[in-house]
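User: I would like to learn how to read a model of this kind, feature by feature. Could we start from one contact and work outwards?

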Amino acid sequence: MLGGVVVLAAGCRRRGATEPMEEGAYERAPEDLDNKLAYAARAKVPEAVQVEVFRGVAMEEDETQAFGANLAGGRCYWLVGVAEESVKELAIYVYDETGTRVDARKNTELPVMRVCPIVPARHEIKVVVPAGKGGFEVGLYTTRDAQ
């Protein structure tokens, strides 16, 4: 069974102009992923309201980053992923509180998935960049009417 919404996000923060970069660090300017995510979400799930955004930077291929979310029972959620052009593939996996994989989406363009927990529970959202390197954002959305 799936399950409610307080979302904890781990990820990266963008460096300001005054902060030094470590040698070999991600050096090119990040794309405007916030606007890209907003546009993608409106196109795929126009009635949805954003709950949280998970942000990260894959420094190498096959890098996995995990985020936690408490999802309410009886409510549907959508996960929409976008990435910089240097990311060739983005995959999103969702696991329930028992560690069972609920759903997964891989897409070179725009992964979108719907998860509808029956009972409230903590879920783990894993974002993997199997091909390429760079920044990504995964938005968690729900609708006002809950279904």
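**Reading the model**

Analyst: The charged end of K126 sits over the ring of Y95, 5.1 Å from its centre. A charge is counted as over a ring if NZ of Lys or CZ of Arg is within 6 Å of the ring centre and within 35 degrees of the ring normal. This is a predicted model, in which local features need pLDDT of at least 70 and side-chain atom pairs pLDDT 80 or more, while totals for chains, interfaces and linings use all residues. Residues are numbered from 1 along each chain as its sequence is written, and side-chain values use heavy atoms, with hydrogens and water left out.

User: How many aromatic pairs are there?

Analyst: Rings of Phe, Tyr and Trp (its six-membered ring) pair if their centres lie within 6.5 Å; planes under 30 degrees apart are stacked, over 60 edge-to-face, and the rest tilted. By this rule there are 2 aromatic pairs. In one, the ring centres of F54 and F67 are 5.0 Å apart and the planes are at 35°, so the pair is tilted. Because F54 is in strand β2 and F67 in strand β3, this pair ties together parts 13 residues apart in sequence. Strands (E, at least two residues) are DSSP runs, numbered from the N terminus. F67 also pairs with F136, edge-to-face, at 6.4 Å centre to centre and 80° between the planes. That pair links distant parts of the chain, with F67 in strand β3 and F136 in strand β9, 69 residues apart. Ring pairs thus link F54, F67 and F136 into a cluster.

User: Are F54 and F67 buried or exposed?

Analyst: Buried means under 20% relative accessible area, exposed over 50%, and partly exposed in between (1.4 Å probe, protein chains only). Both F54 and F67 are buried. F67 has 3% relative accessibility, and F136 is buried as well, with a relative accessible area of 2%.

User: Which residues have the most contacts inside the largest nonpolar core?

Analyst: A nonpolar core is a set of buried Ala, Val, Leu, Ile, Met, Phe, Trp, Tyr and Cys residues joined through side-chain atoms within 4.5 Å. The largest has 20 residues, and those with the most contacts inside it are F54, L79, I125, V127, F136, V138 and L140. The elements giving two or more residues to this core are β2 (48-58), β3 (63-71), β4 (77-83), β5 (87-95), β7 (112-115), β8 (121-132) and β9. The most comes from β5, with 4 residues. Another core, of 13 residues, lies apart from it and includes L33, C76, V82 and L110.

User: In what order do the 4 strands of the open sheet run?

Analyst: Two strands pair if DSSP finds at least two bridges between them. The order is β2-β9-β4-β7, and the pairing is antiparallel. β2 and β7 stand at the edges with a single partner strand each, so one side of each is left without a neighbour in the sheet. Within the sheet, β4 and β9 pair over 7 bridges in the antiparallel sense, and L79 has L140 in β9 as its bridge partner.

User: What joins β3 and β5 to β8?

Analyst: β3 runs antiparallel to β8, joined by 9 bridges, and N70 has R122 in β8 as its bridge partner. β5 is likewise antiparallel to β8, with 7 bridges; there I92 is partnered by V127 in β8.

User: Which residues does W78 touch?

Analyst: Contact means heavy atoms within 4.5 Å. Not counting residues up to four places away in sequence, W78 touches V45, E47, M113, R114, G139, L140, Y141, T142 and T143. W78 is in strand β4 and is buried at 10% relative accessibility. The C-alpha atoms of W78 and K44 are separated by 9.5 Å, with their positions 34 residues apart along the chain. T143, in strand β9 (residues 134-143), is buried at 4% relative accessibility. With the same sequence exclusion, T143 touches E47, A48, R75, C76 and W78.

User: What is the phi of D62?

Analyst: Phi of D62 is near 65°, a positive value in a residue other than glycine. D62 lies in the loop between β2 and β3 and counts as exposed, at 54% relative accessibility.
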